[in-house]
Structures are given as structure tokens and as C-alpha cells.
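Take a look at the structure below. We will walk through it step by step, from the whole chain to single pairs of side chains.

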Amino acid sequence: MTARYAHLERSLGADLFAQVRSCKVLVVGSGGIGVEILKNLVMSGFGDIEIVDLDTIDVSNLNRQFLFRSKHVGMSKSEVAREVALQFNPDAKIVAHHGNVKEERFGVQFISKFDIVLNALDNVGARQHVNRLCLAAKKPLIDAGTQGYLGQTNIHVGRETACFDCEPKTENKRTFAICTIRSTPDKPVHCIVWAKELFKLMFGNAEESMLSGTEPDEDIADANKEESADPDANATNADAPSSAEIKEDQNKEKEIRSQIVEAVASRPSGDELDKDETVRAYARRVFDAVFDHEIRFKLQLRNGYKGANKRPTPLTFEEASSKADEDASGQQAGGLKDQRIMSLKECTDMFVDSVVTLLGPERRGSLGDMVFDKDDALTLRFVTAASNLRCHCFNIERKSLWDTKGIAGNIIHAIATTNAIVAGLQTLEAIKILAALKRVPVANATWRAPSASAEDTDAASPALTANSTAVWVAREPVGRGYLLQATGLPPPNPKCFSCGNALVTLSVDTSKFTFGDLIDRVLKGRLGVNLPSIMLDASELYAEGDGLDEDEVEFFEANKPKALADCPAGGIKEGTIVDVEDFSQDMKFKVLVHQKVYDAEENPDLFEVGGEEPVAKPDAKEDSEEKASADKAESSSDAPVRTQEVEAIMSTGKDGEELVAVASTVVSSSKRPREDGEKDHESEGSKRSKTDDEGAAAVVVSEIDLAGGAKASGDDDGDDDDVICID
Amino acid sequence: MADFAKRRLTEERKQWRKDHPPGFYARPKRNEDGSTNLMFWECAIPGKADTLWEGGLFHMTFAFPEDYPSSPPKVQFVPVLFHPNVYPSGTVCLSILNADEDWNPSLTVRHLLLGIQDLLDNPNPDSPAQAEPYKLFTTDLEAYRARVKIEVRNNPPIS
């Protein structure tokens, strides 16, 4: 027993070690990061741990969630993680909860019994939720996230540092102009999006497919308008099509569209579907319509591909299926089948075969309701084949099934090493916070009244996070060659709607935007409210969740289609303030509405949150503000007031038995005032740290690999389900 | 309107939704236009099991004053209930509903409804409010019981 902990006691000191042994830790999530944390915790002597995870183990987890083995597939992640972690250290007490952290049983009361909460979650919604629970329960939260090679850990302590919501989360969604998809693709992803739309048109809800309309793309017409309005921009302006010509083009465009829609609609039905020949002929008709006729027609259009560097080449079925492949075969000899780029003929065969199977007896029942699913091999085959054929027409490089799956499913591959690094950092930060908790009883130091200004925060009373750092994991060495970069923790944003006395401003066209949009797109979609209640003055306009009668639910639903301005109790208009409360969390905030009309082209959301309220940077010194702006995507820290150096030394230890990530040395200054002239320099958009013996923290992460080499390196195959978002 | 009252009632509504005694209901009044009024609630209490009142569901309104919870809400049975301590207007005469008697700001809708439920079977003959039930209750208990049974039949639970 003593032997197990001797090194910890020596490196942490008896006091701190005793604290580590006795403190209660909650780990939310036992996936990629969670299993790493759990391993770190039990190996660092943490003795009282609870874990929550709603998931069960999937095959695709096994390459990096190293506590899990194939025999565990299908079992609860939290329970298996507990069981296996206990083998590392049978001395620890671990309680596993199989469930969603958003459930009521994991509410504020539950959180209150812990000393520290560690987040190991893969989605922003759940992280926001835990953040708010921790704010309400006044517990320090150590959050982390990874995205491929990038990662970060962050410490959120109530009103002492910025909380998870202080920095608005931008949605990382990709959008493409319709005409790029329909007419002018230049990247594989454009063709893949198109292929998904074709799938929808042929097998899913055709009306929702962007290929279903026969109207010409508006943007094509618009582009022409701009062109003729600006003579300087185009020397060949004389060539600009006349309006009659545009009209003609538009008619042609319409004709092409109708042809595609007709070809798709010519699907055999009834008994005909059982005749292989008939179905193959159908696949062929669609093939010719989209890969040959459409392109051929478009080449005739005046505005079609005028000036385009590469004009597309039509591809007939005949041609495609006869061509023994020139360009792709042999290009990738060897390798896994799914990672190989298929020849044109293979694509063509796959296109036809997948159509036949999709219309076959097993699938045909859901015709009209089918949805593309990256994990449904058949739908993936269709999309891969169709997108590759289109890529060929537009001279775009083709993609393998594997790559297509990644692109079509928006997959970012999780990397075990990044997970291990952030989990190690989280464990270190947890120990630092514990050390601080010892010095600074929570009641005295932190959780000041919300009105306390940032200056007070810096003043006399020691802070819980005095030694804490947020750490960013970069892909390329930054600054002086380090992959890890530590920054100070930004102060809370007083305008934050979670931890400040926030007023969220919402700019929107109140005559069009509906009450339902406010609920689904703004409150739930953007602000992460689970079960919103909306009050306008003394009128509750909406509520959901438990404890409502059926007629009440109906009553509230009836408000949803109304435009904001037409809402009951006087309407929601310019200057209206509504109160929002989340029934599932301890969160309340106000939304101030501004009337603003948006152009759907510029802002497809048709709303902006916090748009007119500048994000306040309390107490931020000018220098820190400037440098933040040029920061790279991986940094969302908006006012990194001071940087420290973290030296990460990955070394292999001698003791082949255990996997440990422990702080051997944690040296850090006390929190200095920021106006000491310490200034960071920009280097290729990233922050370079400055050495300062006072301000430097050296963290040595030693990692002892398991004898069996249990740690998977992440960038290989098999892993496709987990997208871990960083903010 | 009074912000404090609103906040307090929002919280009471939340707590009620999370947990309330079975058979009761309490919620802000809903208007035709889709709005609701947090200052005016519609509530109902079931008659207690094993009492004369069992099987009935009795509806009432709670009108909260601007200075709630400094002052208690005004509680009225709709329709008027046959009960010695209910005024002909439907208003309930109960010490915890009286600012000069036992009301205190820590009492919530939940407490009041439970108190009123209790009052049904335990009328207070010292505070008569309605002539007929008072008379029957004090003079002819059999007739009183028969009359209450009619009252229960007239207020069936919502199916």
C-alpha cells in the first residue's frame, strides 16, 4: 500500500497527497478523454471518483479508449471504465453512473457533493450544461476538448475566471452556395454534398432536395447583374449577355432541371421493381441525365462555364462503363480496399448496383423516407459513386469510400495521443486546484458576489486559480518550439449569459422570425437551453419539460408559428426584453430584442445573438487585447493576459507496469499584476511565450508506456464515430 | 409589475412543476390570445380520501397582489363551494390567507392548497362565512353531509 503511493507522497507532499486521497471528483464522460482521466486519477492516488456516461462501447472506440476491449462492445462505458480502472488501483473508490448528465438526477444537488468536476465530453451542449451546473453548485470545473491534433484544457471557477459560456461558441458548420453545389463544384466536398442531395432526390424526401426545384439558381442571374453593372470589373463587358439571352439561358436551365427530375421520377414501380433489367435501365437513365445531359446542356449556356479554367466534361454511361481505367487504377496499389480510389468503371458499377439494392425488396419500403447515413454502407456507396462520377466530370480529384465517409459525415478523427495529453493536463490542473482549495477555503476566496468587479478579483484575496493555466495543444510547434502552450485564465465576461448578469441581445426581423424559431434555433440551437421557459412581462408564453398538462403543452405549441411581433402579451418587438429560464438547470437570463432585417444570402440564420453588444473585456489591458485578435483558430481565449511556458517532456519511464501522468514538478508564480509590461509577440499568428523565471511554470509529464503498448496511436483506421469539438 | 412577485411566482411555478401533491393542479391562467397571467392562477384540490369530500375536485382561483408575498393571494372557489368558511363570493376564509392573521411570506401556493384541502373536512365553526352550510353544519349534521355529497357530485374530477 505504501509502496504504491510512496512516489506520490514524495512529489506532492503529505498534505496535498492526503487531499488527493480524500477529495471527491466527478468525471463527466468516459470516452476518449474520460478513460485517460480515469486512469490518471486512480494512478495519482485519487480515491473517490464518480463517472457519468450515457454511451455504450462501440467497436470504433477500441483503438483509443484503451480501457475497453472487444469483449466489452455493447456494454456501458462508465461501468466498464470503472471495472478496468479498478484493476489499475483496487484501492480507489469509483462509482459509475450510466446516464445522460442532463438528466435531473445529476442536477445541482448531485454536483454539490464533489470538490472538483472534470469534463471529458464531446459536444458543446453537454459541456455548457455541466458548466452551468458547476456555476450553480459553485464547483471548479476543469474542461477539455480535442479535435484531431488540437486540444485544450481550461479551468472555469465560478466568478473568478471565465466560464465555458463567457466566450461565445461559434458554430463550425460549413455552408456552400447553392450554385456551387448545383453548377460549379471545385472541391470533392461540393460533389459529395451534391451526391447527398441526389440521394435525397432519388430515395429520400425529394422535395427537400436542393436538386428538386426547376427554377434556375438565382445567384447565376445575380452574378450577371453585378457584372453588367460594373464595367471596370470586366473588360469584356460587351459580351455580357443581354436580358433576352439571360432569359433564354434560364429557360434552358429550367429544361435541364426538369429533365433530371423527370429521369428520377421515371422510377419503375410495382412489379417492375422486381425486374433487374428495368431497374438497371432506370439507374442508367438517371446516370445519363445527371452526368451527361446536364453537363452537356450547361456547356451550351452562355453563362454556364464561361471563363472557367476547366470546362466540365460530360460522361455518358456507355463511356463510363466501357472505360478500363486510365487514371485511377494502379495509382494506389495495396492499401485497404475502402481507402483505394475507384476507377471510373468501378464507380459506375457501384452507382448502378447501389441503386438496384436501394430499390430492392429490403429497402424499397422506406422509399421517400431514406436518409443518407455515413454508417449505412449502402447509402455511402451510392454517395461515393455519384460524387466520384461528378468529380470526374468537373476534373476534381476523386475520393475513396473511406475519405468520402469522413467528408460526408463531417468526421474529424479523434487522436488518442491528444486525448492523453489533455487528460494529463486536466489531472495536473485538478491537483493545483486542490492545493489552492487547501490554502483558500472556498467560502472566503472565491464565488464573490456577481457585482464584484474584475479589479477586486485581482486584489488581495488569493484566488483558487492563482496557479492554474489553460493549455492549448497545437499541431505544429509554436513560439519557441513547444507543442503545448499555457495561458493565464481570462476573467469572467460580465455580459456572459451564464455567469454574468447577462442580457443577451438578439437581432432579428420580428415580423418574420417566429416564436418557434426563437425557441428551436436561438435558445436551444445557439444558447444551449434544454427546456426553455419564456416569460414576457407577467405572461408565460412558453414552457416545456415535466409537470405540464397535455392541454398546456398544446397551448404553448400554438404560439410557435406566430411571428415574434404577433406573440401574445403585446408581442416581441424592438426593445422587448423577455425572461428565459431553463427548467433543467439553474439558469436564467434576459433577452433584449432588436429589430433588424437580414439578407438570407449574407446571414442564412436570419438572426444574430449578442451582435450589437460588444463583448466586454473587463480589466483587459490594451496589449493583451490586441494580440488576441490575431490568434489562430485554436485559441478562443479572448484575453490571454499572460503566458507561461509549459515544457512538455514525453519520456519513457523505467517501470513498465503502469501508465502514469503525474506532475513531477509544478513551479508557478503567484498571480502577478498584468501591467508589468509583459507582452507577447506574434509569430505566424500564434502566441510566443516569454520566459520569465517568475512567471514560468515547468510541467513535466512523464509517461510510462504499458508493456503491452495499450495506447493506440490515433490516426489510423477504425475510428470514425467520435468528433470531439473544441470551441 | 412588481418584479419581486414575478420572480417569486416563477420560482413557485417551477417547483410546483417539479413536484406537487397528487390530484392537485395549479397553473397561471391562460388567455384566449395565447398569453398567460402569472399573477392569476387557476388551481384545484381533490377532496381528501376517507372524508365526505372524497371524489370531488374543487376549482379555485388565486389572485396574487403586486406586493406578493408580503400580502397573501386572494383565493376564491369557482363556482362557490358549499362550505361554512367560504363566503357567498367564493372567497375562502382561512387564517393563513389573512395578512393580519397567520399569513407569512414563506407560505407557498402548495402550502395554501394543502391548508384549504384540510379545511374542507375541518370547517371552523368560529368563522362562519356562508349562512346555509354554517346552519346545517351546526344544527343538522346529517343534512349537511347529504348536501356535501351533492357538492362532490357537482365537482367531478377532470377525466
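What follows moves from chain A to the place where the two chains meet.

This is a predicted model, in which local features need pLDDT of at least 70, side-chain atom pairs count only at pLDDT 80 or more, and totals for chains, interfaces and linings use all residues. Residues are numbered from 1 along each chain as its sequence is written, chains are lettered from A and ligands numbered from 1 in the order in which they are written, and side-chain values use heavy atoms, leaving out hydrogens and water.

Start with chain A. Its secondary structure comes to 21 helices and 20 strands. Both are DSSP runs, numbered from the N terminus: helices are H or I with at least four residues, strands are E with at least two. Of the 727 residues in chain A, 54% are buried. Buried means under 20% relative accessible area, exposed over 50%, and partly exposed in between (1.4 Å probe, protein chains only).

Now find the salt bridges. In a salt bridge, a side-chain nitrogen of Lys or Arg lies within 4 Å of a carboxyl oxygen of Asp or Glu. Side chains of opposite charge can pair when their charged atoms come close. The whole structure holds 43 salt bridges over all chains. One joins A:Glu50 and A:Lys113, at 3.5 Å from N to O. This pair links distant parts of the chain, 63 residues apart: A:Glu50 is in strand β2, A:Lys113 in the loop between α5 and β4. A:Glu50 counts as buried because its relative accessibility is 5%. A:Lys113 has 40%, so it counts as partly exposed.

Next, turn to chain B. Here 29 residues of chain A are in contact (heavy atoms within 4.5 Å) with 19 residues of chain B. Eight salt bridges run between the two chains. Helix α20 gives the most to the side of chain A that touches chain B, with four residues.

Look along α20, residues 550-557. Its buried residues are A:Glu552, A:Phe555 and A:Phe556. They cover an arc of only 95° around the axis, so they sit on the same side of the helix. That arc is taken from the directions from the helix axis to the C-beta atoms. A:Glu550 and A:Glu554 are exposed on the other side.

A:Glu552 also forms a salt bridge with B:Arg27, with the closest N and O atoms 3.7 Å apart. B:Arg13 and A:Glu540 meet in another, at 2.8 Å. This pair crosses from helix α1 of chain B to strand β11 of chain A. These four residues belong to a network of salt bridges that also includes A:Asp549, A:Asp551 and B:Arg30.
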